[in-house]
Amino acid sequence: MDQPARFKAVFLSDLHLSEELPETTRAFLDFLERQGRQTERLYILGDLFQYWVGDDAMADDPYLQTIIHAIRKLSDSGTGIFWICGNRDFLTGKKFLKATGATGLKEPGLLQAGSLRIAMVHGDALCTDDEAYMKFRAKVRNPIWRFFFLLVPLSKRKAIVANARRDSTRSNMAKSAKIMDVNQDAVKALFAQTGADVLVHGHTHHPGDHRVVLQNSDRRRLVLSDWNLDDKGNPRADWLSVTYDGTIERHTL
Ligand code: MN
């Protein structure tokens with residue numbers, strides 16, 4: 001990067017990219033070309049992809065190749081790409097990171113911008129009221145489960161994931177909004193653990209800017225929107241930026 005970047009960091013999440021969302025995909029590629037070059041760091045906070053069945057799916061998939069090359073181009077240009085996986089793309093692994101040039105982060109990611117300490121997570125692990133999901137998460141995030149799942153032939157994995165998504169859509173429709181939102185105790189515990197002033201996350205698709213009071217001090221929980229520019233009735237695509245002095249701003253594409 002020849003000139004100092006406009007932003008210290010930019011955050012986005014939940015693009016749910018798939019071939020069925022051509023406008024959203026185009027917007028992301030365009031975002032990488034434009035805004036991606038104006039930031040020192042780009043943080044992708046999970047569920048960039050609608051699903052990810054394993055890094056071996058990249059090789060003969062032109063759609064995925066287009067996205068991976070675009071991310072790679074940005075990282076080669078000098079923007080640091082940081083990756084936190086979501087509940088849909090948690091099977092991204094070392095090959096994906098190598099292909100994109102991204103750095104994988106364990107949750108919570110941490111960033112200092114001026115005097116501001118920012119913590120980042122996808123958000124699903126904060127939804128502790130959804131006990132069924134937390135059980136599922138514990139299972140699939142286990143390295144042994146992962147190892148064996150990735151041994152299943154690719155075509156079979158695709159079928160399993162498609163089925164699981166259908167089941168999850170059905171069961172989520174039966175869950176209340178409260179159960180599927182973050183748990184306030186989990187949020188406070190994360191602030192206490194990280195000492196962060198600001199928490200940025202996605203996952204819930206409820207964009208917001210919430211005040212959290214912890215030990216008599218105010219913290220801020222910023223929630224990203226999901227992206228969907230193919231949904232003409234409700235197009236949405238938020239991203240957040242932070243300057244070098246710690247000023248946070250929300251943008252809408
Ligand atoms: Mn999610």
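Let me start with a pocket, the second largest one in this structure, which has a volume of about 520 Å³. Of the 17 residues that line this pocket, Cys-85, Phe-90, Thr-92, Lys-106 and Arg-146 lie closest to its centre. I should say at once that what we are looking at is a predicted model, and everything I describe this morning has been computed from that model.

Staying with the second largest pocket for a moment, helix H3, residues 94-100, and helix H5 each supply at least two residues of the lining, and H3 has the largest share, with three residues. If we sort the lining of the second largest pocket by class, we find nine nonpolar residues, three polar ones and five charged ones.

Now to the largest pocket, which holds about 1,200 Å³ of space. Its lining consists of 45 residues, and those nearest the centre of the pocket are Asn-87, Arg-88, Arg-165, Ser-168 and Asn-172. The elements that give two or more residues to this lining are helix H4, at 131-140, helix H5, at 143-149, and helix H6, at 154-173. Which of these gives the most to the lining of the largest pocket? That is H6, with nine residues. By class, the lining of the largest pocket has 20 nonpolar, 13 polar and 12 charged residues.

Asn-87 brings me to the metal site, since this residue, which is among those nearest the centre of the largest pocket, is also a donor to the manganese ion. The protein donors are Asp-47 through OD, Asn-87 through OD1, His-122 through NE2 and His-203 through ND1, and they lie 2.1 to 2.3 Å from the manganese ion. Along the sequence, these donor residues are spaced D-x39-N-x34-H-x80-H. Two of them, Asn-87 and His-122, link distant parts of the chain: Asn-87 sits in the loop between strand E3, at 80-83, and H3, whereas His-122 sits in the loop between E6 and H4, and the two are 35 residues apart.

Are these two donors buried or exposed? Asn-87 counts as buried because its relative accessibility is 15%, which is under the 20% cut-off for that label. His-122 also counts as buried, with a relative accessibility of 0%.

Let me move on to the strands, beginning with E7, residues 198-201. From this strand Val-198 and Val-200 point one way, Leu-199 and His-201 point the other way, and all of them are buried. As a general matter, side chains in a regular strand alternate between the two faces of the sheet.

Strand E7 has pairing to describe with two other strands. With strand E6, residues 116-120, E7 pairs in the parallel sense over three bridges, and there Ala-119 stands opposite Leu-199. With strand E9, residues 217-223, E7 again pairs in the parallel sense, over four bridges, and here Leu-199 stands opposite Arg-221.

There is also an open sheet of six strands, in the order E4-E3-E2-E1-E10-E11, with mixed pairing. Its edge strands, each of which pairs on one side only, are E4, at 103-104, and E11, at 248-252. Within this sheet, strand E1, residues 7-12, and strand E2, residues 39-44, pair in the parallel sense over five bridges, and the bridge partner of Ala-9 in E2 is Arg-41.

Finally, some points on the backbone. Most residues other than glycine have a negative phi, and most peptide bonds are trans. In this model, however, the peptide bond from Glu-107 to Pro-108 is cis, with omega near -5°, and Pro-108 lies in the loop between E4 and strand E5, at 109-113.

Where do we find positive phi values in residues other than glycine? One is at His-205, where phi is near 60°, in the loop between E7 and strand E8, at 208-214. Another is at Asn-216, where phi is near 65°, in the loop between E8 and E9. In accessibility, His-205 counts as partly exposed because its value is 28%, between the cut-offs of 20% and 50%. Asn-216, with a relative accessible area of 80%, is exposed, since that label applies over 50%.

Conventions:
Residues numbered from 1 in each chain as written. Predicted model: local features only at pLDDT ≥ 70, side-chain atom pairs only at ≥ 80, totals over all residues. Heavy atoms only, no water. 1 Å grid on protein atoms, 1.4 Å probe; cavity = no way out; pocket = protein on both sides within 12 Å on 5 of 7 lines; lining within 4 Å. Points joined across faces, edges and corners; volume = space filled by probe spheres on them. Nonpolar A, V, L, I, M, F, W, Y, C, P; charged D, E, K, R; others polar. Buried < 20%, exposed > 50% of the residue type's maximum accessible area, 1.4 Å probe, protein only. Pairing = 2+ DSSP bridges. Donors = N, O, S within 2.8 Å, 3.2 Å for Na, K, Ca; no water.
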